[in-house]
Amino acid sequence: MGLFAAVLFAGQVALASVPNVEIVSLLVILYTLALGRRVLFVIYTFVLLEGIFYGFGIWWVSYLYVWPLLALVTLAFRRVDSLLFFSILSGFFGLFFGALCAIPYLFAGGVAAAFAYWISGLPFDLIHCGGNFAVCLVLYKPLRRVIGRLTSGLRV
(Lines give C-alpha, C1' and ligand atoms only; values in the text may rest on other atoms or scores of the structure.)
Protein backbone atom coordinates (compact mmCIF):
# COMPACT_ATOMS: atom_id res chain seq x y z
CA MET A 1 0.00 0.00 0.00
CA GLY A 2 2.84 2.36 0.86
CA LEU A 3 4.55 1.63 -2.44
CA PHE A 4 1.35 2.38 -4.35
CA ALA A 5 0.97 5.70 -2.50
CA ALA A 6 4.60 6.54 -3.24
CA VAL A 7 4.07 5.82 -6.95
CA LEU A 8 0.97 8.06 -6.93
CA PHE A 9 2.94 10.86 -5.33
CA ALA A 10 6.00 10.41 -7.55
CA GLY A 11 3.79 10.37 -10.65
CA GLN A 12 2.09 13.58 -9.56
CA VAL A 13 5.39 15.34 -8.83
CA ALA A 14 6.96 14.12 -12.09
CA LEU A 15 4.14 15.64 -14.15
CA ALA A 16 3.59 18.76 -12.01
CA SER A 17 5.22 21.01 -14.60
CA VAL A 18 2.62 20.02 -17.22
CA PRO A 19 -0.62 21.84 -16.30
CA ASN A 20 -3.45 19.42 -15.56
CA VAL A 21 -1.88 16.44 -17.27
CA GLU A 22 -1.52 13.77 -14.62
CA ILE A 23 -1.39 10.05 -13.99
CA VAL A 24 -3.03 10.10 -10.54
CA SER A 25 -6.59 9.65 -11.85
CA LEU A 26 -5.62 6.60 -13.87
CA LEU A 27 -3.68 5.09 -10.98
CA VAL A 28 -6.57 5.68 -8.56
CA ILE A 29 -8.87 3.88 -10.99
CA LEU A 30 -6.45 0.97 -11.44
CA TYR A 31 -5.61 0.70 -7.74
CA THR A 32 -9.32 0.68 -6.93
CA LEU A 33 -9.96 -2.12 -9.42
CA ALA A 34 -7.10 -4.13 -7.89
CA LEU A 35 -7.48 -3.30 -4.19
CA GLY A 36 -11.17 -2.56 -3.73
CA ARG A 37 -11.98 -0.49 -0.64
CA ARG A 38 -8.41 -0.84 0.64
CA VAL A 39 -7.48 1.78 -1.93
CA LEU A 40 -8.56 4.38 0.64
CA PHE A 41 -5.36 3.68 2.60
CA VAL A 42 -3.35 4.44 -0.54
CA ILE A 43 -5.38 7.56 -1.33
CA TYR A 44 -5.17 9.08 2.13
CA THR A 45 -1.42 8.38 2.35
CA PHE A 46 -1.04 10.16 -0.99
CA VAL A 47 -3.17 13.09 0.21
CA LEU A 48 -1.06 13.38 3.36
CA LEU A 49 2.13 13.40 1.26
CA GLU A 50 0.62 16.12 -0.94
CA GLY A 51 -0.06 18.26 2.11
CA ILE A 52 3.40 17.74 3.55
CA PHE A 53 5.09 18.51 0.22
CA TYR A 54 2.92 21.39 -1.06
CA GLY A 55 1.40 22.68 2.17
CA PHE A 56 -2.01 22.27 3.75
CA GLY A 57 -3.91 25.01 1.92
CA ILE A 58 -7.63 25.19 1.24
CA TRP A 59 -7.02 23.25 -2.00
CA TRP A 60 -5.84 20.32 0.11
CA VAL A 61 -9.24 19.95 1.79
CA SER A 62 -10.77 19.02 -1.56
CA TYR A 63 -8.29 16.17 -1.97
CA LEU A 64 -9.83 14.56 1.12
CA TYR A 65 -13.02 13.85 -0.84
CA VAL A 66 -12.16 14.23 -4.55
CA TRP A 67 -9.87 11.20 -4.83
CA PRO A 68 -12.07 8.94 -2.68
CA LEU A 69 -15.03 10.00 -4.85
CA LEU A 70 -13.21 8.74 -7.94
CA ALA A 71 -12.51 5.49 -6.10
CA LEU A 72 -16.18 5.13 -5.11
CA VAL A 73 -17.37 5.69 -8.68
CA THR A 74 -14.80 3.18 -9.89
CA LEU A 75 -15.97 0.66 -7.28
CA ALA A 76 -19.52 1.07 -8.52
CA PHE A 77 -18.38 0.08 -12.03
CA ARG A 78 -15.67 -2.43 -11.07
CA ARG A 79 -17.31 -5.22 -13.08
CA VAL A 80 -16.99 -3.19 -16.29
CA ASP A 81 -13.96 -4.32 -18.26
CA SER A 82 -13.70 -1.60 -20.87
CA LEU A 83 -10.74 0.58 -21.77
CA LEU A 84 -13.07 3.12 -23.38
CA PHE A 85 -15.37 3.28 -20.35
CA PHE A 86 -12.56 4.00 -17.90
CA SER A 87 -10.95 6.47 -20.32
CA ILE A 88 -14.24 8.36 -20.49
CA LEU A 89 -14.63 8.17 -16.70
CA SER A 90 -11.13 9.56 -16.25
CA GLY A 91 -11.84 12.32 -18.77
CA PHE A 92 -15.09 13.32 -17.06
CA PHE A 93 -13.33 13.32 -13.71
CA GLY A 94 -10.78 15.77 -15.13
CA LEU A 95 -13.56 17.93 -16.55
CA PHE A 96 -15.38 18.16 -13.21
CA PHE A 97 -12.26 18.30 -11.03
CA GLY A 98 -12.39 22.10 -10.74
CA ALA A 99 -16.06 22.09 -9.80
CA LEU A 100 -15.41 19.48 -7.12
CA CYS A 101 -12.43 21.44 -5.81
CA ALA A 102 -14.53 24.62 -5.62
CA ILE A 103 -16.62 23.23 -2.75
CA PRO A 104 -14.27 24.38 0.06
CA TYR A 105 -14.32 27.87 -1.45
CA LEU A 106 -18.10 27.83 -1.10
CA PHE A 107 -17.69 27.57 2.66
CA ALA A 108 -14.68 29.89 2.85
CA GLY A 109 -15.93 32.71 0.61
CA GLY A 110 -19.49 31.99 -0.41
CA VAL A 111 -21.17 31.16 -3.70
CA ALA A 112 -19.40 33.96 -5.61
CA ALA A 113 -15.95 32.74 -4.52
CA ALA A 114 -16.69 29.12 -5.41
CA PHE A 115 -18.20 30.08 -8.75
CA ALA A 116 -15.25 32.37 -9.58
CA TYR A 117 -12.79 29.61 -8.65
CA TRP A 118 -14.58 27.09 -10.83
CA ILE A 119 -15.08 29.38 -13.86
CA SER A 120 -11.50 30.67 -13.81
CA GLY A 121 -10.27 27.08 -13.92
CA LEU A 122 -12.46 25.85 -16.80
CA PRO A 123 -9.67 26.10 -19.43
CA PHE A 124 -7.50 23.92 -17.22
CA ASP A 125 -10.40 21.51 -16.63
CA LEU A 126 -10.72 21.06 -20.39
CA ILE A 127 -7.00 20.25 -20.61
CA HIS A 128 -7.40 17.96 -17.60
CA CYS A 129 -10.26 16.16 -19.36
CA GLY A 130 -8.31 15.61 -22.56
CA GLY A 131 -5.14 14.67 -20.73
CA ASN A 132 -6.88 12.16 -18.48
CA PHE A 133 -8.69 10.60 -21.43
CA ALA A 134 -5.48 10.25 -23.47
CA VAL A 135 -3.34 9.00 -20.58
CA CYS A 136 -5.93 6.39 -19.69
CA LEU A 137 -6.38 5.34 -23.31
CA VAL A 138 -2.64 4.74 -23.70
CA LEU A 139 -1.61 3.40 -20.29
CA TYR A 140 -4.68 1.60 -18.90
CA LYS A 141 -4.00 -1.86 -20.31
CA PRO A 142 -0.24 -2.09 -19.65
CA LEU A 143 -0.55 -0.65 -16.14
CA ARG A 144 -3.54 -2.86 -15.35
CA ARG A 145 -1.43 -5.91 -16.19
CA VAL A 146 1.48 -4.74 -14.02
CA ILE A 147 -0.74 -3.79 -11.07
CA GLY A 148 -2.63 -7.07 -11.46
CA ARG A 149 0.63 -9.00 -11.14
CA LEU A 150 1.70 -6.96 -8.12
CA THR A 151 -1.59 -7.56 -6.33
CA SER A 152 -2.27 -11.12 -7.50
CA GLY A 153 -1.61 -12.57 -4.03
CA LEU A 154 -3.85 -10.07 -2.26
CA ARG A 155 -7.45 -10.82 -1.35
CA VAL A 156 -9.85 -8.01 -2.21
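At what angle do helix 5 and helix 8 pack, and how far apart are their axes? In this predicted model, helix 5 (residues 83–101) and helix 8 (residues 122–150) pack at an angle of about 155°, and their axes lie 7 Å apart. Since angles over 145 degrees count as roughly antiparallel, helix 5 is therefore roughly antiparallel to helix 8. The crossing of the two helices is right-handed. Classified by residue type, the contact of helix 5 with helix 8 comprises 14 nonpolar, seven polar and two charged residues.

The UniProt record, an unreviewed entry, assigns the feature "transmembrane region" to residues 56–77, 83–108 and 115–140. The table describes the chain over two of these stretches.

| Residues | Helix | Strand | Distance between end C-alpha atoms |
|---|---|---|---|
| 56–77 | 86% | 0% | 32 Å |
| 83–108 | 96% | 0% | 38 Å |

Helix 5 and helix 8 also take part in the lining of the largest pocket; the elements that give two or more residues to this lining are helix 3 (39–54), helix 4 (58–76), helix 5, helix 7 (111–120) and helix 8. Helix 4 gives the most, with four residues. The space in the largest pocket amounts to about 570 Å³. Its lining consists of 25 residues, and Gln12, Asn20, Tyr63, Phe97 and His128 are those nearest the centre of the pocket. By class, 16 of the lining residues are nonpolar, six are polar and three are charged.

Terms used: Residues are numbered from 1 along each chain as its sequence is written. This is a predicted model: local features need pLDDT of at least 70, side-chain atom pairs count only at pLDDT 80 or more; totals for chains, interfaces and linings use all residues. Side-chain values use heavy atoms; hydrogens and water are left out. Axes are lines fitted to C-alpha atoms, for helices over the stretch in contact, and angles run from 0 to 180 degrees between N-to-C directions. Angles under 35 degrees count as roughly parallel, over 145 as roughly antiparallel, 65 to 115 as roughly perpendicular and the rest as oblique. A crossing is left-handed if the near helix is turned anticlockwise from the far one by less than a right angle, and right-handed if clockwise. Ala, Val, Leu, Ile, Met, Phe, Trp, Tyr, Cys and Pro count as nonpolar, Asp, Glu, Lys and Arg as charged, and the others, Gly among them, as polar. UniProt positions are given in the numbering used here, feature names are shortened, and annotations may be inferred rather than shown by experiment. On a 1 Å grid over the protein atoms alone, a cavity is a set of points where a 1.4 Å probe fits but cannot get out, and a pocket is an open set with protein on both sides within 12 Å along at least five of seven lines; lining residues have an atom within 4 Å of a point. Grid points are joined across faces, edges and corners, and a volume is the space filled by probe spheres set on the points.
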